[in-house]
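Here is a short, friendly tour of a protein model with its bound ligand surroundings. Have the viewer open as you read.

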Amino acid sequence: MSRQLASFKLHLRAVATGLKYLFLPNRITVYYPEEYIELPEGYRGLIRYYPDRCIQCGLCAMICPASAMKMYRTKTDRKGRPGINYQRCIFCGFCVDICPQNALETTKVHDVAYKSLEEMILPPEKFSQEPISPAVAGGARKLKPVFDEERGLRHERV
Amino acid sequence: MDVAGVLPWVLRLLLSPQVFAPVVFPGLATALVVLLTVIWAERKIAARVQMRVGPLYVTRRLGGVLQMLADGTRYMFQEFIIPVTADRVPFLFAPILALTLAIIPFAFIPSAPGFSPIKSPYSLPAALAAISAIPLSVLLMGWASNNKFAIQGAVREAFMGLAYEAVVFISALSMGVLYGTLDLEEAVARQWLPGIVLNPVAAFTFFVGMVMSAGRLPFDIVEGEQEIVAGPFVEYSGIIFGIGMGLAYLKLYSLSLLYTLLFLSGWEPLVAPLYSVYPGIAGIFLFVKAYLLMLFVAFLRSVYGRYRLDQALRAGWRVFLPLSLISLLISVVVKVVGCV
Ligand code: SF4
Ligand code: SF4
């Protein structure tokens with residue numbers, strides 16, 4: 001019986017904690033498409049490809065653990081150039097690390113919600129364009145995360 | 001009867017307690033509004049506690065309150081699939097039966113003194129009987145679906161139904177003993193103190209039984225989304241799935257009304273001016289109390305995780321059934337000592 005009483009106390013404490021958050025909410029999410037958290041330098045977001053530096057060695061496609069990177073060959077270009085499939089990419093950054101020419105680069109853009117599956121596959125031509133964030137393009141307010149002693153995480157207008 | 005005579009006749013019919021209480025307030029029409037707002041409130045409350053925003057984009061100015069209407073509309077236009085292996089007639093019949101059984105209690109719930117749809121000395125057990133018959137139709141759903149998950153869910157429903165309806169019944173009975181009546185209207189009249197003060201143990205066990213047997217998130221052991229997909233409702237799609245989802249809330253609504261009548265002194269304090277205008281709407285406090293109670297139950301979703309079936313059953317039989325028997329004892333003592 002004492003065990004039940006002890007657990008009853010714990011139940012009350014859980015409910016009290018819940019009530020505390022209900023009346024003093026501590027929201028840490030942001031209204032995403034209208035607001036946008038600015039990502040830090042060196043963030044491993046979408047990858048950008050610089051074709052002029054690439055020596056078409058194929059190492060990036062070989063190292064990719066998720067088989068997201070693939071060499072696109074054509075009749076005239078037998079060695080091929082890399083393209084990426086964001087349905088599969090896990091943003092590990094191996095491809096960027098292994099590239100001997102620094103022809104791949106991670107960007108700060110990480111908006112990976114797409115309208116269709118096909119849009120997530122980028123052949124070399126598209127892969128070499130600067131990735132754009134639809135939220136930023138749509139005029140989202142930029143926020144930056146700040147550490148708060150009391151609340152934990154807070155977001156401030158930049 | 002001429003045309004001019006028809007209108008007052010219809011109005012009189014509509015305003016008679018036999019029609020107004022079950023159909024308009026606190027019955028069907030109100031239940032629908034309650035359903036839409038409570039589900040929204042539940043999602044908002046859970047979001048607040050979990051540091052999120054919750055539904056927002058449907059009617060953004062009002063905080064997304066019409067989200068459930070949008071969801072309901074979506075259900076309405078979804079294809080309703082009947083599996084080839086399902087038992088067609090019971091498959092279609094069971095949800096209708098469930099909905100009917102969920103509505104029947106409103107025929108016994110009085111909303112103001114002298115305003116019961118069916119005035120009966122046994123209105124409390126009658127309402128409870130209808131509510132606790134819902135698991136039978138859920139069993140039928142599971143059986144007719146002819147699907148392993150559905151059968152498992154149905155068996156769970158049977159287990160949970162037995163364990164917690166017993167608790168609800170005994171706690172309700174102990175209040176019946178305390179008030180010396182099984183008539184809900186009388187029970188309110190005889191509460192010189194709210195029942196929750198007279199017998200807190202019964203109030204507690206009835207509450208737990210209510211939360212568990214209503215089977216709403218996260219006490220949806222029967223559906224167990226992550227374990228058995230949706231239990232008895234797995235084969236249902238479209239609007240019938242929506243009904244299955246609403247069923248838990250409908251059940252919770254009628255149980256909350258009963259709880260308010262039994263433990264929170266029902267419609268007291270009665271709003272006299274409203275009563276003199278029309279007795280049907282004088283039960284506004286009954287509704288407010290029941291609604292707040294529902295909101296509290298909805299809030300519990302953000303505090304608890306889902307219990308395992310065996311944990312829930314163990315608690316039901318080992319803790320809450322004995323507790324409810326104790327509450328019966330307390331009632332007898334209070335009655336004999338002569339406070340009432
Ligand atoms: S980041 Fe990792 S998963 Fe993505 S393409 Fe590069 S190697 Fe593959
Ligand atoms: S590893 Fe670098 S240089 Fe080699 S194919 Fe990939 S992008 Fe081009």
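The text below covers two sheets and then a ligand shell.

Please keep in mind that this is a predicted model. Let us begin with the sheet of chain A whose strands follow the order 1-7-8. This sheet is open, has 3 strands and shows mixed pairing. Strand 1 (35–37) and strand 8 (152–157) of chain A each have a single partner strand and stand at the edges, so one side of each is left without a neighbour in the sheet. From one strand to the next, the twist averages 40°.

Another open sheet of chain A also has 3 strands, in the order 3-4-6, and its pairing is antiparallel. At its edges stand strand 3 (69–72) and strand 6 (121–122) of chain A; each has a single partner strand, so one side of each is left without a neighbour in the sheet.

Two strand pairs can be set out side by side:

| Strand pair (chain A) | Bridges | Direction |
|---|---|---|
| Strand 1 and strand 7 (residues 141–148) | 3 bridges | parallel |
| Strand 4 (residues 81–85) and strand 6 | 2 bridges | antiparallel |

For a residue to click on in each pair, I37(A) has L143(A) in strand 7 of chain A as its bridge partner, while I84(A) is partnered by L122(A) in strand 6 of chain A.

Now to the ligand. Which residues are the closest to ligand 2? They are C54(A), C57(A), G58(A), C60(A) and C99(A), from a surrounding set of 13 residues. By class, the shell around ligand 2 holds 11 nonpolar and 2 polar residues, with no charged residues.

Conventions:
Residues are numbered from 1 along each chain as its sequence is written. Chains are lettered from A and ligands numbered from 1 in the order in which they are written. This is a predicted model: local features need pLDDT of at least 70, side-chain atom pairs count only at pLDDT 80 or more; totals for chains, interfaces and linings use all residues. Side-chain values use heavy atoms; hydrogens and water are left out. Two strands pair if DSSP finds at least two bridges between them. Helices (H or I, at least four residues) and strands (E, at least two) are DSSP runs, numbered from the N terminus. Axes are lines fitted to C-alpha atoms, for helices over the stretch in contact, and angles run from 0 to 180 degrees between N-to-C directions. A residue is near a molecule or strand if one of its heavy atoms lies within 4 Å of it. Ala, Val, Leu, Ile, Met, Phe, Trp, Tyr, Cys and Pro count as nonpolar, Asp, Glu, Lys and Arg as charged, and the others, Gly among them, as polar.
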